[in-house]
Amino acid sequence: MPVKILSVDDENDLELLLTQYFRRKIRKGEYEFSFAHNGLEALTMLLKNKDYDIILSDINMPEMDGLTLLTKINEMQNPALKCIMVSAYGDMGNIRQAMNNGAFDFATKPIDLDDLSVTIEKAIEQIQYIKTMQQEHTQLESLKGDLAIAREIQLAILPRIFPPFPENADKLDIAASMTAAKDVGGDFYDFFRIDDKKIGFLIADVSGKGVPAAIFMAVSRTLIRATGIRGVSPAECITYSNNLLSEESTNCMFVTVFYGIYDLETGEIVYCNAGHNPPYILHKNGTTEALPMSQDPMAGAIGDMQFHEEHIQLEKGETLVLFTDGVTEAMNVNNEEFGDDRLIQTLQEVSLHSGQEIIEAVKADVAAFTEGAEQSDDITMLTLKRL
């Protein structure tokens with residue numbers, strides 16, 4: 001595309017000089033000149049055609065002078081439109097005012113066309129830079145909009161209706177929360193009914209951050225849910241999911257998963273822990289008990305692995321608290337971690353509360369601890385309380 005230059009001058013001789021001097025660039029399609037004879041005529045042309053790149057304007061003109069035209073151009077708020085002001089050498093007061101008012105550069109009469117050519121080239125460099133920045137800004141705004149939509153989609157696939165099983169509200173209290181560190185996150189939780197007596201539940205943390213983690217999260221969640229809802233054992237579910245994830249994993253991505261099946265009648269939980277943080281049991285006497293550390297690797301890291309399962313008994317009034325490492329590894333401004341000890345202290349203070357109250361208490365303490373520091377990881381929790 002040619003650089004479009006609008007020359008504004010009440011002297012007709014300038015039109016002939018410019019077209020003659022820049023004839024080669026005009027012939028090659030590099031420059032395209034238009035001409036106006038005063039500021040008012042130029043302003044009319046600018047309003048009709050908004051694709052001019054450079055305004056070469058005399059300062060002293062009838063009807064509307066160059067300084068007034070410059071003010072009108074500034075009101076258009078187009079940083080890619082550059083103004084080069086022209087006036088007599090002795091008119092330095094107006095030239096100085098023009099520069100203070102945002103003119104890109106100036107030339108004095110009689111115009112040195114060689115010098116003007118260099119000035120125009122400098123203006124073109126600035127224009128190209130600004131247009132590139134504007135294009136990148138537009139792309140970033142578009143990406144930001146896409147990420148906002150992706151965030152809504154990601155949140156939509158996580159269960160958000162509580163209580164999730166109102167028909168069993170007298171037996172079970174489930175609550176969950178996920179707060180992403182970026183627009184989209186890699187943590188997720190889920191729960192679903194397997195049959196009249198059993199509920200499947202899980203919490204997981206995908207390696208990495210941002211969009212790649214979010215995509216891997218969606219794949220992992222769909223795969224584990226689709227497998228678990230068939231009623232297979234937790235070990236079989238994670239073993240099957242691991243084989244598929246390891247085949248499809250790119251950039252060595254993996255996911256830590258705690259998947260359990262809860263028996264509504266007995267309170268028994270059969271679970272498989274694939275490299276995830278050990279959950280805590282909150283006992284009725286206010287004490288906490290951590291489940292054993294996982295002996296199995298993360299899902300998606302190594303194919304053809306056989307995962308194992310364990311059993312625990314949840315007594316009436318007890319709560320199982322699951323969380324991702326975004327809770328314990330939350331950092332304050334001094335680069336100190338929230339840690340397991342602070343988490344245990346918070347859990348002991350609210351051990352008899354509802355699942356949602358427990359989650360809100362932990363989130364509040366983490367927020368108070370990290371006040372002023374940027375959230376570095378997704379913060380996700382799930383509580384399961386036997387009533």
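Which strands does α1 lie across, and at what angle does α1 run to β2? Helix α1 lies across β1, β2 and β3, and its direction is at about 180° to that of β2. The model is predicted. Its protein chain holds eleven helices and 15 strands. The radius of gyration is 34 Å, well over the 21 Å that the globule rule gives for 387 residues, so the chain is more spread out than a compact globule. Along the principal axes, the C-alpha atoms fill a box of roughly 100 × 40 × 40 Å.

**The parallel sheet**

- Five strands form an open sheet in the order β2-β1-β3-β4-β5, and the pairing is parallel.
- β2 and β5 (105–109) are the edge strands; each has a single partner strand, so one side of each is left without a neighbour in the sheet.
- On average, neighbouring strands here are turned by 20° against each other, direction ignored.
- Strand β3 (residues 54–58) pairs with strand β4 (residues 82–88) in the parallel sense, over five bridges.
- Within that pairing, Ile55 has Cys83 of β4 as its bridge partner.

**Helices on the parallel sheet**

- α1 contacts the part of the sheet made by β1, β2 and β3.
- α6 lies across β1, β2, β3, β4 and β5.
- The direction of α6 is at about 160° to β4.

**The antiparallel sheet**

- A second grouping of five strands is also an open sheet, with antiparallel pairing and the order β6-β15-β14-β11-β12.
- Its edges are β6 (172–179) and β12 (288–290); each has a single partner strand, so one side of each is left without a neighbour in the sheet.
- Neighbouring strands in this sheet are turned by 15° against each other on average, direction ignored.
- Strand β11 (residues 280–282) and β12 are joined over three bridges, in the antiparallel sense.
- Tyr280 stands opposite Ala290 of β12.
- Helix α11 (residues 355–369) lies across β6, β11, β14 (319–323) and β15 (379–386).
- To β6, α11 runs at about 30°.

**The largest pocket**

- The largest pocket encloses about 230 Å³ of space.
- Its lining has 14 residues; Pro2, Val3, Asp53, Ile127 and Lys131 lie nearest the centre.
- β1 and α6 (113–157) each supply at least two lining residues.
- α6 gives the most to this lining, with four residues.
- By class, the lining has seven nonpolar, two polar and five charged residues.

**The largest cavity**

- Across the whole structure, a search finds one cavity of 30 Å³ or more.
- The largest cavity has a volume of about 50 Å³.
- Ser7, Val8, Asp9, Glu11, Asn12, Leu14, Glu15, Phe35, Ala36 and His37 form its lining.
- β1 (3–8), α1 (13–21) and β2 (31–36) each supply at least two of the lining residues.
- The lining divides into four nonpolar, three polar and three charged residues.

**Elements that recur**

- β1 supplies at least two residues to the lining of the largest cavity, and at least two to the lining of the largest pocket.
- α1 lies across β1 and β2, and α1, β1 and β2 each supply at least two residues of the cavity lining.
- α6 lies across β1, and both α6 and β1 supply at least two residues of the pocket lining.

Key: Residues are numbered from 1 along each chain as its sequence is written. This is a predicted model: local features need pLDDT of at least 70, side-chain atom pairs count only at pLDDT 80 or more; totals for chains, interfaces and linings use all residues. Side-chain values use heavy atoms; hydrogens and water are left out. On a 1 Å grid over the protein atoms alone, a cavity is a set of points where a 1.4 Å probe fits but cannot get out, and a pocket is an open set with protein on both sides within 12 Å along at least five of seven lines; lining residues have an atom within 4 Å of a point. Grid points are joined across faces, edges and corners, and a volume is the space filled by probe spheres set on the points. Ala, Val, Leu, Ile, Met, Phe, Trp, Tyr, Cys and Pro count as nonpolar, Asp, Glu, Lys and Arg as charged, and the others, Gly among them, as polar. Two strands pair if DSSP finds at least two bridges between them. Axes are lines fitted to C-alpha atoms, for helices over the stretch in contact, and angles run from 0 to 180 degrees between N-to-C directions. Contact means heavy atoms within 4.5 Å. The radius of gyration is taken over C-alpha atoms; the globule rule is 2.2 Å times the number of residues to the power 0.38.
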